[in-house]
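Colleague: I'd like to learn how to read domains and strand pairing off a model. Could you walk me through one?

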Amino acid sequence: MAVGDEAAVKPLIGPRTRVIDLAGRLTIPGFIEGHGHLVGLGDARLALDLSHARDWNEIVEQVARAAKQVPPGEWIIGDGWHQGHWESTPQPAVEGYPVHEALSRATPNHPVLLKHATGHMCFANARAMQLAGVERQTPDPSGGTILRDARGEATGAFRETAQGPVFHARSRAQAGRSPEDREAELRKGIELAVDECLARGVTSFQDAGSSLATIDLFKRLADEGRLKLRLWVMVRGESSQRLRDALPAYRMIGYGGNRLTVRAIKRMVDGALGSHGAWLFQPYDDLPGSTGLVVETLESIRETALLAVQHDCQLCTHAIGDRANHEILDLYDAVFRSQPDRRDRRWRIEHAQHVLPADFPRFAELGVIASMQGNHATSDGPFVVSRLGKERGAVESYAWRSLLDHKAVVINGTDVPVEDVNPILSFHASVTRRMKNGKQFFPEQCMTRAEALRSYTLDAAYAAFEDDLKGTLSVGKLADVVVLSKDILTIPDDEIPNARVDFTIVGGRVVYARQ
Ligand SMILES: [Zn+2]
């Protein structure tokens with residue numbers, strides 16, 4: 001309704017207006033998480049949290065303790081492990097990843113599925129592998145790897161598409177439950193996830209991939225008035241035929257009072273750097289036989305691209321490696337050229353993590369948005385140089401300064417549950433690139449504070465065609481507002497992580513207030 005000083009606002013205060021004196025605290029537009037997984041965050045909160053383990057042995061102990069609380073035969077799900085964050089390499093190890101024997105001995109009666117923090121790998125114990133039908137003879141599927149020991153036996157680690165059978169085995173077990181039970185669990189997870197986002201000042205969440213069935217549930221939650229934050233969703237994991245049939249009904253903008261928008265499709269060309277799945281032009285420095293994995297073929301992504309054009313949807317393609325980014329820019333370019341209308345499409349590359357310098361200007365030229373995550377740079381930083389070597393790392397990796405200098409729209413986020421959803425931590429990573437070990441990861445690529453704030457507000461809104469509604473505190477936009485305990489635009493770098501969210505306001509209502 002109004003933004004301005006006291007003289008401008010005072011006449012609007014009525015008997016039922018709640019007046020909050022912020023005593024000079026910093027007030028900003030609500031943070032927009034540019035790429036996260038809402039259901040994944042809920043699942044992670046319902047699963048064993050493995051993200052704090054200091055080594056593999058701690059994880060084995062943690063799972064063994066959990067097994068004592070769970071009836072035999074039931075699946076134990078853990079989430080958030082990352083070998084790059086451990087203090088020591090497991091012994092024995094294959095390619096730096098643990099092998100299943102110790103875990104299998106500790107959990108003989110339970111199938112165990114431990115999801116890697118990146119989502120690009122999982123780890124299974126012997127019981128889970130047995131239920132998944134994984135045997136010595138099982139070949140690697142296309143786009144995935146079953147890690148094997150010197151004797152050729154599966155070690156328990158599954159990369160990319162090879163994870164499929166393990167997840168399917170777990171789904172089969174879950175299919176035995178009633179639809180009501182399954183929905184109740186999903187609702188519980190979503191509620192936990194939404195509350196966590198609001199407490200962190202996230203008022204809008206760009207969901208990087210949900211099925212049509214999950215979107216149905218989001219819609220019901222919106223109808224019931226239970227979607228306390230605003231969702232913008234990419235459709236993920238449906239066949240082309242299904243998308244063709246369903247998109248007319250599922251494409252929705254501002255449903256339920258601007259709570260739910262579905263106007264994008266998610267695809268994925270490669271894997272993650274941490275799990276050697278990123279698709280590169282030159283082999284990995286620490287895995288010289290490999291240039292990574294192609295997870296979904298360019299041909300099938302091209303088919304989706306044409307569907308996106310037809311249905312006026314954005315296409316958002318996960319691309320990590322320099323080759324993956326290059327191929328997707330080529331693909332987008334070819335599709336845009338094939339359409340005579342030069343319309344504003346705002347297609348996106350999710351992560352855009354390692355980009356050839358020659359490709360930096362192409363983002364702005366093509367109008368492609370770089371959807372990046374500040375804290376991926378600082379948590380991957382410690383192993384980037386061993387994967388890629390110093391030169392590639394310095395020039396190509398998380399190069400948001402270079403992209404911004406080439407006029408690209410760069411947005412921010414956390415890929416939660418891969419990283420903590422807290423935008424202040426990702427903001428800090430964006431402006432300092434300071435890693436947990438205290439060192440800075442190629443600091444010449446830092447954003448300014450103003451750029452980092454913009455990447456989390458106005459530019460993120462732009463990347464969802466919502467810049468007319470969100471991203472600034474202006475008359476006519478939604479009243480999504482966050483109040484911080486400290487001024488993150490001016491305090492010293494190392495104080496930024498201590499800033500707290502004091503209030504989160506969505507649509508003019510206080511939905512979170514710090515005690
Ligand atoms: Zn993601």
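Modeller: Sure, we'll go from the domains down to a few strands, and keep in mind that this is a predicted model.

Colleague: Which domains does the assignment give?

Modeller: Domain 1 covers 40-175 and domain 2 covers 200-513, according to the domain assignment. Their C-alpha centres lie 28 Å apart.

Colleague: How many residues does each domain put into the contact?

Modeller: You count residues with C-beta atoms within 7 Å across the boundary. Here that takes 17 residues from domain 1 and 14 from domain 2. On the domain 1 side, helix H2 (38-46), strand S4 (76-81) and strand S10 (154-160) each supply at least two residues, with H2 giving the largest share, 3 residues. By type, that side of domain 1 splits into 10 polar, 4 nonpolar and 3 charged residues.

Colleague: Now strand S15 (residues 314-319): why is it described as largely enclosed?

Modeller: Burial here is a neighbour count: a residue is buried if 20 or more other C-beta atoms lie within 10 Å of its own. In S15, 5 of the 6 residues are buried, so the rest of the structure largely encloses the strand.

Colleague: Which strands does S15 pair with?

Modeller: Look for bridges. Strand S14 (residues 260-268) runs parallel to S15 over 5 bridges, and strand S16 (residues 348-351) is joined to S15 by 4 bridges, also parallel. His 318 is a handy marker: it is the bridge partner of Met 268 and stands opposite Glu 350 in S16.

Colleague: What handedness do the crossovers have?

Modeller: Follow the chain from strand through helix to strand. S14, helix H11 (residues 298-310) and S15 form a right-handed β-α-β unit. From S15, the chain passes through helix H12 (residues 322-338) to S16, and that crossover is right-handed too.

Note on methods: Residues numbered from 1 in each chain as written. Predicted model: local features only at pLDDT ≥ 70, side-chain atom pairs only at ≥ 80, totals over all residues. Domains from an automatic or database assignment. Contact = placed C-beta atoms within 7 Å. Nonpolar A, V, L, I, M, F, W, Y, C, P; charged D, E, K, R; others polar. Buried ≥ 20, exposed ≤ 12 C-beta atoms within 10 Å, placed from the backbone. Pairing = 2+ DSSP bridges. Right-handed = clockwise from strand over helix to strand, strands pointing away.
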